[in-house]
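Trainee: Please take one part of this model and go through it closely, contact by contact. I would like the cut-offs stated along the way.

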Amino acid sequence: QVQLVESGGGLVQTGGSLRLSCAASVNLVNFNVMGWYRQAPGKQRELVASITGGGTTNYAESVKGRFTISRDNAANRVYLQMNSLKPEDTGVYYCNIKKGSGLSMRAYWGQGTQVTVSS
């Protein structure tokens with residue numbers, strides 16, 4: 001069973017920083033893509049950042065220059081460093097990892113961690 005546990009969420013002021021961590025129960029080397037998604041109340045879940053097994057990163061336009069995704073394969077962890085936080089960054093942040101492709105693709109999710117940004 002694949003288990004993902006997020007940590008690092010909390011309440012911060014606008015302009016503050018948080019670092020989210022995702023601890024995986026499996027070797028991340030076996031996965032194609034690792035990422036962070038977020039969901040605000042009444043809105044769809046959206047991709048915030050992703051990183052491939054080869055180290056290629058992608059970011060949502062709204063977080064470019066402010067967020068950084070990274071991974072530590074030896075520790076089976078994925079991180080999201082969030083700087084210059086804004087109220088619109090508020091939401092539940094979820095860790096996601098994927099392996100395979102097409103009909104063989106499998107995705108796994110953590111339970112999420114709440115991030116709240118206030119003025």
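Mentor: Start with methionine 82, which touches Gly16, Ser17, Leu18, Leu20, Arg66, Phe67, Tyr93 and Val115 when residues up to four places away in sequence are not counted; contact here means heavy atoms within 4.5 Å. The model is predicted, so local features need pLDDT of at least 70 and side-chain atom pairs count only at pLDDT 80 or more, while totals for chains, interfaces and linings use all residues. Residues are numbered from 1 along each chain as its sequence is written, and side-chain values use heavy atoms, with hydrogens and water left out.

Met82 belongs to the largest nonpolar core, which has 27 residues; Trp36, Phe67, Leu80, Met82 and Tyr93 are the ones that touch the most other members. Such a core is a set of buried Ala, Val, Leu, Ile, Met, Phe, Trp, Tyr and Cys residues joined through side-chain atoms within 4.5 Å. Two or more of its residues come from each of β3 (18–24), β4, β5 (46–52), β7 (67–72), β8, β9 and β11 (113–118). Strand β3 gives the largest share, four residues. Strands (E, at least two residues) and helices (H or I, at least four) are DSSP runs numbered from the N terminus.

One of the residues that Met82 touches, Arg66, leads to the charged groups. The structure holds four salt bridges, each a side-chain nitrogen of Lys or Arg within 4 Å of a carboxyl oxygen of Asp or Glu. In general, side chains of opposite charge can pair when their charged atoms come close. Lysine 64 and glutamate 61 form one of the four, at 3.6 Å from N to O. Lys64 is partly exposed at 48% relative accessible area, and Glu61 is exposed at 62%; the classes are buried under 20%, exposed over 50% and partly exposed in between (1.4 Å probe, protein chains only). Elsewhere, Arg38, Glu46, Arg66 and Asp89 are joined into one network by salt bridges that share partners.

Within that network, arginine 38 pairs with glutamate 46 at 2.8 Å, N to O. Glu46 is partly exposed, at 35%, whereas Arg38 is buried, at 6%. Arginine 38 also bridges to aspartate 89, with the closest N and O atoms 2.9 Å apart. This second pair links distant parts of the chain, 51 residues apart: Arg38 sits in β4 (33–39), and Asp89 in the loop between β8 (77–82) and β9 (91–99). Both of these partners are buried.

Arg38, Glu46 and Arg66 also line the largest pocket, together with Gln39, Ala40, Lys43, Gln44, Ser62, Lys86, Pro87, Glu88 and Thr90. By class, the lining has two nonpolar, four polar and six charged residues; Ala, Val, Leu, Ile, Met, Phe, Trp, Tyr, Cys and Pro count as nonpolar, Asp, Glu, Lys and Arg as charged, and the others, including Gly, as polar. The pocket volume is about 180 Å³. On a 1 Å grid over the protein atoms alone, a pocket is an open set of points with protein on both sides within 12 Å along at least five of seven lines, and lining residues have an atom within 4 Å of a point. Points are joined across faces, edges and corners, and the volume is the space filled by probe spheres set on them.

Technical notes. On a 1 Å grid over the protein atoms alone, a cavity is a set of points where a 1.4 Å probe fits but cannot get out, and a pocket is an open set with protein on both sides within 12 Å along at least five of seven lines; lining residues have an atom within 4 Å of a point.
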